[in-house]
Amino acid sequence: MAGESDLQTLLSGMRPELNAGHYVFTTVEGGVPSGVSPVATVAEDEGLTLVARREEADAAGLAYEYVAGWITLRVHSALEAVGLTAAVSRELADAGLSCNVIAGFHHDHLFVPYEHAERAMAVLEDLARRSGAGTG
């Protein structure tokens, strides 16, 4: 099934879901350490960035500074869709919340400061409600 590309449909139907747990961004040289199952990886010149559960990073002795809550937008967004990341990021920024976005094939994933994850969910749910109010 093709992903959705209409911005209003994406926003009104994004159905944000807060995944359980604490997630961290860390970087390693070489491969993924034993016992770590990252939810995302990004290959950079400086090393391999891992987004992983905090307890796995701790057990592997990995350093990190940022502890995040992981929110999945449950709408199936098309990779070529325009505006979803900007609208969500703008809404969270207006609420004073940082957001790191990773796009998967089916969904967009937001990593927000863990201590503000519930507030971020409320902001996103409000955005979805307001976006759906204009549909018929």
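**From Leu92 to the core**

Start at Leu92 in this predicted model. Set aside its neighbours within four places in sequence, and Leu92 is in contact with Leu97, Cys99, Leu110, Val112, Ala120, Val123 and Leu124.

Now look at the wider setting. The largest nonpolar core has 20 residues. Leu92 is among those that touch the most other members. The others in that group are Met14, Ile71, Leu73, Val88, Leu110 and Leu124. Which elements give two or more residues to this core? They are α1 (7–12), β4 (67–73), α3 (84–94), β6 (108–113) and α4 (117–133). Of these, α4 gives the most, with 7 residues. There is also a second, separate core, made of 8 residues. Val24, Val28, Val36 and Leu48 are included in it.

Next, follow α3 to α4. Their axes lie 10 Å apart, and the two helices pack at an angle of about 125°. Are they parallel or oblique to each other? An angle from 115 to 145 degrees falls outside the parallel, antiparallel and perpendicular ranges, so α3 and α4 are oblique. The crossing of α3 past α4 is right-handed.

Which residues meet here? From α3 come Ala87, Val88, Glu91 and Leu92. From α4 come Ala120, Val123, Leu124, Leu127 and Arg130. Sorted by class, this contact has 7 nonpolar residues, 2 charged ones and no polar ones. Glu91 and Arg130 are the charged pair by class.

So the path returns to Leu92: this residue of α3 meets α4, and Leu92 is also one of the residues with the most contacts to other members of the largest nonpolar core.

Technical notes: Residues numbered from 1 in each chain as written. Predicted model: local features only at pLDDT ≥ 70, side-chain atom pairs only at ≥ 80, totals over all residues. Heavy atoms only, no water. Core = buried A, V, L, I, M, F, W, Y, C linked by side-chain atoms within 4.5 Å. Buried < 20%, exposed > 50% of the residue type's maximum accessible area, 1.4 Å probe, protein only. Helix = DSSP H or I, 4+ residues; strand = E, 2+ residues; numbered from the N terminus. Contact = heavy atoms within 4.5 Å. Axes fitted to C-alpha atoms, helices over the stretch in contact; angles between N-to-C directions. Parallel < 35°, antiparallel > 145°, perpendicular 65-115°, else oblique. Left-handed = near helix turned anticlockwise from the far one by under 90°.
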